[in-house]
Amino acid sequence: MTTESDVKNRIWIFDTTLRDGEQSPGATMTVEEKLEVADALVELGVDIIEAGFPAASPGDFEAVKLIAARVKGARVAGLARANRSDIEQCAKAIEPAEQSRIHTFIATSDIHLQHKLRMSREEVLERVSEMVALARSFTDNVEFSAEDATRSDWDYLVEVFSRAIESGATTLNVPDTVGYTTPAEYAALMAHLQEHTPGIENVIISVHCHNDLGMGTANTLAAIAAGARQAEVTINGIGERAGNTALEEVVMALATRGDKFGGAWTNVRKDRIVPSSRLVSGITGLNVQVNKAIVGENAFAHEAGIHQDGMLKERTTYEIMNPEDVGWEGTKLVLGKHSGRAGFRNALAELGFKLDDEEMQAAYESFLLLADKKKRVTAADLIALVRNQQQTRDDVYHLRQWRVDIASGEPANASVVLSYGDVQLAGDAEGNGPVDALLQAIDAATSIQTTLEYYQVEAVTPGEDAQGQVHVRIRSEGQLFTGHGLATDIVEASARAYLDALGKLRAGDASTVLAGSSVSRWG
Ligand code: KIV
Ligand code: ZN
């Protein structure tokens, strides 16, 4: 039975992976990828999805609109600066949502007022009243954020939030935009606002922290203990600069130590945490640091003999959470080339993949090729393999043959044969190392000129026979395209990632074009 205290202590999880998270350098996602993340967020059970910043670019607008039309069971928010045009565009983008929210913001610190906005405090107050009321004319759910709240004058913040409440805001966000506050200071600010802002008891107070001093989670939890009831977070803590507060850390801190936060709880499905983390790092190419709380590769690894001994006797000697509760699959999941189709199918089902027959067949064929090269195919390999298959546009360019010659002190020489429909394309090039030479040979074969803006390689699993996963981003005529490639050889993985991006460019498929922004983004 849900008690009054349960209702009072519910923490609404506002996920901003698709907006603030997407602002991490290198994290830009295609519209298709954003939809995939939105589906995962719904499955994870977040309450509000901030889908993007519609006024930033036509791509952002389209992505927010598509997410709004698709998501069921979570509220979809769009971000808007406190001006008429942003709010009107945001209203249009979120219009198809089952439950919508306009999230409008303006800076309130004197530093921002003087140097960025060049507005007086009185002008900002007027703007807040006018724009929150405008947002309310489109939806009955409006969030107002006082950007750089933690460096703003506290009494002025009270005035700003009072105006927002009078004009119809239903959630008030108190962002620590530059990651400057401390837990005690933030808690005191929350108390000050609750004591002095008329009507604040009728709205939700929200916390939004950045991690510049590594205190994002601590500050968020301090604000929750002091009465905030919405936490703005991102998967893996991705976001501007040092990132935002990590969803998994707040959710698991409350699940594990909720009693220290007045019984605060969330509705997040904990077993979807690790799969969501993998999805976001796979799509963005932003690796999770190995020792990252909850979702890092080592978060539940025990190396020291004393620890291993304790673990063998009783898991709780060294584990405060059960890894399987947060979605780490058992370490048993290892396949080899004799595992057979049924074993393969079962393993994919255990990892949560739902593939149709055709996709299953293609995945099985790739698995057999991999199992030939690698004795032990692990869960991480399978995830990379299926995700790679789902992401890759292999209907445009096919890599048929490649060769690279390298010797110390000499440039690398590469040649490549591709197919494009029925046409065979070949190219040769000299380069500064094997990857550079091979990508240049591809340029020569395709005759497409692009700029490689981002290149990242990672090993899917440890070990000499690990698969290499490469993520690239290329720019052509102002548009950005991402590509992902997987192979046991990183030079080949690089070629595959590059061809994936070129395939998207060549297909001119608008839905795969990145929602890159033409105006500045917001932290
Ligand atoms: O960090 C910040 O201030 C923001 C606002 C737009 C909420 O992201
Ligand atoms: Zn932010």
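Start by selecting Asp-15 and Ile-49: Ile-49 is the bridge partner of Asp-15 in strand S2. Strands here are DSSP runs of E with at least two residues, helices are runs of H or I with at least four residues, and both are numbered from the N terminus. Two strands pair if DSSP finds at least two bridges between them.

Before you click on, a word about what you have open. This is a predicted model, where local features need pLDDT of at least 70 and side-chain atom pairs count only at pLDDT 80 or more, while totals for chains, interfaces and linings use all residues. Residues are numbered from 1 along each chain as its sequence is written, chains are lettered from A and ligands numbered from 1 in the order in which they are written, and side-chain values use heavy atoms, with hydrogens and water left out.

**Stop 1: the barrel**

Stay with S1 and add Phe-14, which stands opposite Ile-48 in S2. S1 and S2 run parallel and are joined by 2 bridges. Now color S2, residues 48-52. Is S2 enclosed by the rest of the structure, or open? It is largely enclosed, because 5 of the 5 residues of S2 are buried. (Buried means under 20% relative accessible area, exposed means over 50%, and partly exposed is in between, using a 1.4 Å probe and protein chains only.)

Next, select S3, residues 75-81, which pairs with S2 in the parallel sense over 4 bridges. Ile-48 turns up again here: its bridge partner in S3 is Arg-75.

Go back to S1 and look at S8, residues 230-233; the two run parallel, joined by 4 bridges. Click on Ile-13 and Ala-231, since Ala-231 is the bridge partner of Ile-13 in S8. Now show S1 to S8 together: S1-S2-S3-S4-S5-S6-S7-S8 make a closed barrel of 8 strands with parallel pairing. From one strand to the next, the twist averages 25°. (For such angles, axes are lines fitted to C-alpha atoms, for helices over the stretch in contact, and angles run from 0 to 180 degrees between N-to-C directions.)

**Stop 2: Arg-10 and Phe-105**

Select Arg-10, in the loop between helix H1 (4-9) and strand S1 (12-15). Is Arg-10 buried or exposed? It counts as buried, at 15% relative accessibility. Leaving out residues up to four places away in sequence, Arg-10 touches Asp-47, Arg-229, Trp-265 and Asn-267. (Contact means heavy atoms within 4.5 Å.)

Then pick Phe-105 in strand S4, residues 100-107. Phe-105 is buried too, at 7% relative accessibility. Try your distance tool from Phe-105 to Ala-218: they are 113 residues apart in sequence and 24 Å apart in space, C-alpha to C-alpha.

**Stop 3: the nonpolar cores**

Which residues touch the most other members of the largest nonpolar core? Select Ile-13, Phe-144, Leu-172 and Val-174, out of 93 residues in that core. (A nonpolar core is a set of buried Ala, Val, Leu, Ile, Met, Phe, Trp, Tyr and Cys residues joined through side-chain atoms within 4.5 Å.) Domain 1 (4-284) and domain 2 (301-390) each give this core at least three residues. Those domain bounds come from an automatic or database domain assignment.

Zoom in on Val-174. Not counting residues up to four places away in sequence, its contacts include Ala-149, Phe-161, Tyr-186 and His-208. Then jump to a second, separate core of 32 residues, which includes Ile-442, Ile-448, Val-491 and Ala-497.

**Stop 4: salt bridges**

How many salt bridges does a search of the whole structure find? There are 24. (A salt bridge is a side-chain nitrogen of Lys or Arg within 4 Å of a carboxyl oxygen of Asp or Glu.)

- Asp-148 and Arg-151: their side chains meet in a salt bridge of 3.0 Å, N to O. Asp-148 is buried at 0%, whereas Arg-151 is partly exposed at 30%.
- Glu-453 and Arg-475: these side chains meet at 2.7 Å, N to O. The pair links distant parts of the chain, 22 residues apart, with Glu-453 in strand S14 (451-459) and Arg-475 in strand S15 (468-476). Glu-453 is partly exposed at 36%, and Arg-475 is partly exposed at 30%.
- Asp-500 and Lys-504: their closest N and O atoms are 3.8 Å apart. They are about one helical turn apart, because they sit 4 residues apart in helix H17 (490-507). Both are buried.

For your last selection, take Arg-19, Asp-20 and Glu-50, which salt bridges with shared partners join into one network.
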